[in-house]
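Here's a protein chain to look around in. Take a moment with the picture before reading on, and then we'll walk through it piece by piece.

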Amino acid sequence: MAEANSPEDFPESHLLEDDYYAYLNLSKDATPEDITNAYRRLSKLYHPDKHTDPVRKKNAELLFNKTKLAYEVLKDPHQRAIFDTLGVKGLETEGWQVVQRTKTPQEIREEFELLLREKEERQLQQRTNPQGTISIGINATDLFETYDFDAGFPTFEISSMSITQKVEAPLDTSETLTLNGSLASQNGNGSGNVNCSWKKVISDKTWVETGVGGGNGLLLNFKAFRTISKYSFGTFSTAFRFSESTLSPGVELMLARQLTKKTASYITLKGGMSSSVNTMLVHDSEKGHFAAGIQLGIQRSFLLFSYSKMFDDGKLKGSIKLGLFGVTFEYGCEKKISKFSTIGATMVIGLPSGVTLKLKVNRANQTFVFPILLSEEVLPSAVFYGTVAPLLGYYLLKTVYIDPRKKRLKARETEKTKEVNAQRMAEKRKEASIAVSLMQETYRRIKSEEERKKGLVVSQAIYGSTENVANINPDLVDSNLDILDVTVQLQCLVKDSRLILPDRAKSNLPGFYDPCLGEDKSLRIVRNKLGIRNL
């Protein structure tokens, strides 16, 4: 893999950019009055006319120009809208070349969002977006249902296999051609089919799709989607399969209604060989997904309840299905192990279907599923080992492979980030040093005032690597390259015995820089030297 040696071949997200909000110690929703007050506050520190020494005057001019630039960008609604959308890069290149000053900030944001969407659509048209699933069924019942004790080691056999693949070819922003096919084999019997469909987006409320396929006879299908109102939509689909001298028609109508912001209901009517009526209630939130439904049909009728608990990098799930032909209980989990990879395991316990362990691996757009039949009856041993084995396997995989790999990738990414930003980091470090030297007089004045009125005094504060901030000896701050003493900087931000910091990267605050680029950082008060109120 090629190494990134310059900003041109390195991801833009890793390149350092100034944050004018943080530099002025403002939140993103700051008012024009807040911006002006912040500018005046920093101007008192950095205005060249306040310094007589030639060196300090030159240094002050450097920081004053940066303060003035930040102020001019944020006070102008048009420049601020561009900065909010694209950052400094937008101001330096794309921003003013395409935006008319007569447009409102909201129009500017909408225009840039439109440009970004068009860029994504162009990228979409340049790729076929392949998606596939490979499922391999394994019969492992010999592990728990061995009746011949002289048979030796238990045997495993592949009882089924299926492969599906789909390729999309966007013709333009409103038309897409899709080709998909599948092959399946079970107990020596195989089948396959291929289908080609064309989808047309007619409006922001309607699209239609039609297709033709072959396999077990000729298949013609049609599907349409329509937004009915602000809170409801529906789909209609029909299919005709011609097999030898028979015609098998099928039709499906689905109506959906948004009940609340996070809750929706669905009703599906199917007609044909497998006619049924299905209704479903779904509640989605950041913490979980709940679904309850009932289906009444000629071949299958059941009652279903399912719940998934969401986490940042995975989920736990469980469900129960009660039908005319038995009951099925499922529980399992999924875990994201990298940016593009997810693994999961699900136990399926059913009467009369037995015990099955489903292992799933998802990598980008490819999914691999391994249903392993452990027993044809509900045996406690099969349930126990089917639950414990995936947990032990994941722990071993995490210890031996996942964690070391993440550590290596993070270290490599951190080194590349430092390398590509080396010159910029040196400039930021020098700028911070100049700022701290110019803050000394203000620091002593604010500290004295806060001590006199027993207000807010920052005794000692450090900023840097989270691990080092938590464990470092306060007396050794200056000897640690990953730690920055920011006592002076924070005290200068105290106003009326209050210190309010924006919810943004602290490395862009006045007098700050990033001492450990690419690593997790913390800001912490180390020790209490004074017997008065401290941060």
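In this report, helices (H or I, at least four residues) and strands (E, at least two) are DSSP runs, numbered from the N terminus. With that in hand, we can place serine 232: it sits in strand β7, which covers residues 232-243. Serine 232 counts as buried because its relative accessibility is 11%, and the cut-off for buried is under 20%. Its side chain makes a polar contact with the side chain of serine 229, at 2.7 Å. Leaving out residues up to four places away in sequence, serine 232 also touches Thr227, Ala256 and Arg257.

**The whole chain**

Keep in mind that this is a predicted model. The mean pLDDT of the chain is 83, and 85% of the residues get to 70 or more. Two stretches do worse. Over residues 93-102 the pLDDT stays under 50, and the model has 21 contacts beyond four places in sequence for them. Residues 527-535 are also below 50, with 28 contacts in the model beyond near neighbours in sequence. Where pLDDT is low, the predicted coordinates should not be read in detail.

What is the chain built from? It has 11 helices and 20 strands. Of its 535 residues, 34% are buried. Looking at contacts with a separation of 6 or more, 44% are between residues 24 or more positions apart. The chain exposes about 32500 Å², and carbon and sulfur atoms supply 56% of that.

**Helix α3 and the core around it**

Helix α3 runs over residues 54-75. Does its length come out shorter than expected, or in agreement? At 1.5 Å a residue, its 22 residues should span 32 Å, and the end C-alpha atoms are 31 Å apart, so the two agree. At the N-terminal end, aspartate 53 acts as a cap: one of its side-chain oxygens lies 3.1 Å from the backbone nitrogen of valine 55. Buried residues in α3 include Ala60, Leu63, Phe64 and Leu74.

Now for the largest nonpolar core, which has 31 residues. The ones with the most contacts inside it are Tyr20, Leu24, Leu26, Tyr46, Leu74 and Phe83. Helices α1, α2, α3, α4, α5 and α9 each supply at least two residues of this core. Which of them gives the largest share? That's α3, with 7 residues.

Tyrosine 46 is a nice one to click on. Beyond its neighbours within four places in sequence, tyrosine 46 is in contact with ten residues' worth of company, including Ala60, Leu63 and Phe64, as well as Ala435, Leu438 and Met439. Apart from this core lies another, of 17 residues, among them Ile446, Leu493, Leu499 and Tyr513.**A meeting point for distant residues**

Cysteine 516 lies in the loop between α11 (487-491) and β20 (521-525). Is cysteine 516 buried or exposed? It counts as buried, because its relative accessibility is 0%. Aspartate 482 is 34 residues away from cysteine 516 along the chain, yet their C-alpha atoms are separated by 5.3 Å. Setting aside neighbours within four places in sequence, cysteine 516 is in contact with Gly464, Ser465, Asp482 and Lys521.

Serine 465 belongs to strand β18, residues 461-465. Serine 465 is buried too, since its relative accessibility is 6%. Not counting residues up to four places away in sequence, its contacts are Asp482, Ile483, Cys516, Glu519, Asp520 and Lys521.

**Some unusual backbone spots**

Most residues other than glycine have a negative phi, and most peptide bonds are trans. Here are some places to check against that.

| Place | Backbone feature | Location |
|---|---|---|
| Asparagine 25 | positive phi of about 60° | loop between α1 and α2 |
| Lysine 454 | positive phi of about 50° | loop between α9 and β18 |
| Leucine 351 to proline 352 | cis, omega near 15° | proline 352 in the loop between β15 and β16 |

How do the surroundings of asparagine 25 and lysine 454 compare? Asparagine 25 is buried, with a relative accessible area of 19%, while lysine 454 counts as exposed, at 63%.

Technical notes: Residues numbered from 1 in each chain as written. Predicted model: local features only at pLDDT ≥ 70, side-chain atom pairs only at ≥ 80, totals over all residues. Heavy atoms only, no water. pLDDT = per-residue confidence, 0-100. Contact = heavy atoms within 4.5 Å. Buried < 20%, exposed > 50% of the residue type's maximum accessible area, 1.4 Å probe, protein only. Expected span 1.5 Å × (residues − 1). Polar contact = N/O pair within 3.5 Å; in protein donor to acceptor, adjacent residues only side chain to side chain. Areas by Shrake-Rupley, 256 points an atom, 1.4 Å probe, with all protein chains shown as cover. Core = buried A, V, L, I, M, F, W, Y, C linked by side-chain atoms within 4.5 Å.
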